[in-house]
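Me: I have just opened this one and would like to go through it piece by piece. Could you take my questions as they come?

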Amino acid sequence: MLVAIGVAGFGEESENDVVTEHLLTVNAQAPMAIGRAALPHLTDSGGTLAMISAILADVPTPGMAAYSASKAALSAWLTATRGGVRKQGVRVLDVRPPHIETGLADRAVAGTVPSGIAAGSDVATLVRQVLEALRSDRRTVTFDLRSGEYALG
């Protein structure tokens, strides 16, 4: 099962109290709820729970504090859940890509994309990395900003 839901939000944290709550609800709590509901079914079949968090889980970014926090919360939940369901035959994959060109940033719930954010990466490249991670029983798909390449962990 692949869960890829979320919303973007930008701006200074002091301006975003309601936005912060919204981002945490949609980007962290909602995927967690979906994952909890799916786990009993995945246990029965020895399946995989894969979720897209974001590179911001590892690289919190100014002007994106709430968004970064929401993705870090989801990533932490996936890591902890992985340890709890491994014995039941369930695999957990945390996909932490860079900005992907999907139009999500243009539909932010607040603010505009901070200057200096790189152009979005290619969706097809990310899909290939996720498929390879699933085939090779990996735990993470991450992105190295220095090399500009994906890494499977």
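Me: Which residue is the bridge partner of Phe143 in β5?
Reply: In this predicted model, the residue in β5 that bridges to Phe143 is Tyr150. The strands β4 and β5 pair in the antiparallel sense, and 4 bridges hold that pairing.

Me: What sits between those two strands, and which residue there has a positive phi?
Reply: The hairpin of β4 and β5 has 4 residues between the strands, and Gly148 takes a positive phi near 75 degrees there.

Me: Staying in β4, is Thr142 buried or exposed?
Reply: Thr142, which is found in strand β4, has a relative accessible area of 18% and is therefore buried, since the cut-off is under 20%. Leaving out residues up to four places away in sequence, Thr142 touches Asp58, Arg96, Glu149, Tyr150 and Ala151.

Me: OK, zooming out: in what order do the strands of the sheet come?
Reply: The sheet is open and is formed by 5 strands in the order β1-β2-β3-β4-β5, with mixed pairing. Because β1 and β5 stand at the edges with a single partner strand each, one side of each has no neighbour in the sheet.

Me: And how many bridges join β1 to β2?
Reply: There are 2 bridges between β1 and β2, and these strands run parallel. One pairing to look at is Leu2, whose bridge partner in β2 is Ala50. Helix α1 packs on the sheet here, touching β1 and β2, and the direction of α1 makes about 165 degrees with that of β2.

Me: What about the other neighbour of β2, how many bridges join β2 to β3?
Reply: β2 and β3 also run parallel, joined by 5 bridges, and Ala50 stands opposite Leu93 in β3. As for its surroundings, β2 is largely enclosed by the rest of the structure, because 4 of its 5 residues are buried.

Me: You mentioned α1, so what span should that helix have, and what does it have?
Reply: Helix α1 covers residues 17-45, and its 29 residues should span 42 Å at 1.5 Å a residue; the end C-alpha atoms lie 41 Å apart, which agrees. There is nevertheless a kink of about 40 degrees at Leu39, shortly before the proline Pro40.

Me: Which residues of α1 are buried?
Reply: The buried residues are Val19, Thr20, Leu23, Asn27, Ala28, Pro31, Met32, Gly35, Ala38, Leu39 and Leu42, so the kinked position Leu39 is among them. The elements that cover the buried residues of α1 include β1 (2-3), β2 (48-52) and α2 (65-85).

Me: What follows α1?
Reply: After α1 comes Gly46, whose phi is positive, near 65 degrees.

Me: Switching to α3, how many residues does it have?
Reply: Helix α3 (residues 123-135) has 13 residues and reaches 18 Å from its first C-alpha to its last, close to the 18 Å expected at 1.5 Å a residue. Its buried residues are Leu126, Val130 and Ala133. Seen down the axis of α3, these buried residues fall within an arc of 60 degrees, so they line one face of the helix.

Me: Is there a general reason for a spacing like that?
Reply: An α-helix has 3.6 residues a turn, so residues three or four places apart point the same way.

Me: And what do the buried residues of α3 pack against?
Reply: They pack against three strands, namely β3 (91-95), β4 (140-144) and β5 (149-152).

Me: Where is Asp137, and what is its phi?
Reply: Asp137 follows α3 and lies in the loop between α3 and β4. Its phi is positive, about 55 degrees, although Asp137 is not a glycine. Most residues other than glycine have a negative phi. With a relative accessible area of 48%, Asp137 counts as partly exposed.

Me: Last one: where is Thr102, and what is it in contact with?
Reply: Thr102 is found in the loop between β3 and α3, and at 47% relative accessibility it counts as partly exposed. Setting aside neighbours within four places in sequence, Thr102 is in contact with Arg107 and Val123. To return to where we began, the C-alpha atoms of Thr102 and Phe143 are separated by 17 Å, and the two residues are 41 residues apart along the chain.

Terms used: Residues are numbered from 1 along each chain as its sequence is written. This is a predicted model: local features need pLDDT of at least 70, side-chain atom pairs count only at pLDDT 80 or more; totals for chains, interfaces and linings use all residues. Side-chain values use heavy atoms; hydrogens and water are left out. The expected span of a helix is 1.5 Å times one less than its number of residues. Buried means under 20% relative accessible area, exposed over 50%, partly exposed in between (1.4 Å probe, protein chains only). The arc is that of the directions from the helix axis to the C-beta atoms. Contact means heavy atoms within 4.5 Å. The bend at a residue is the angle between axes fitted to the seven residues ending there and the seven starting there. Two strands pair if DSSP finds at least two bridges between them. Axes are lines fitted to C-alpha atoms, for helices over the stretch in contact, and angles run from 0 to 180 degrees between N-to-C directions.
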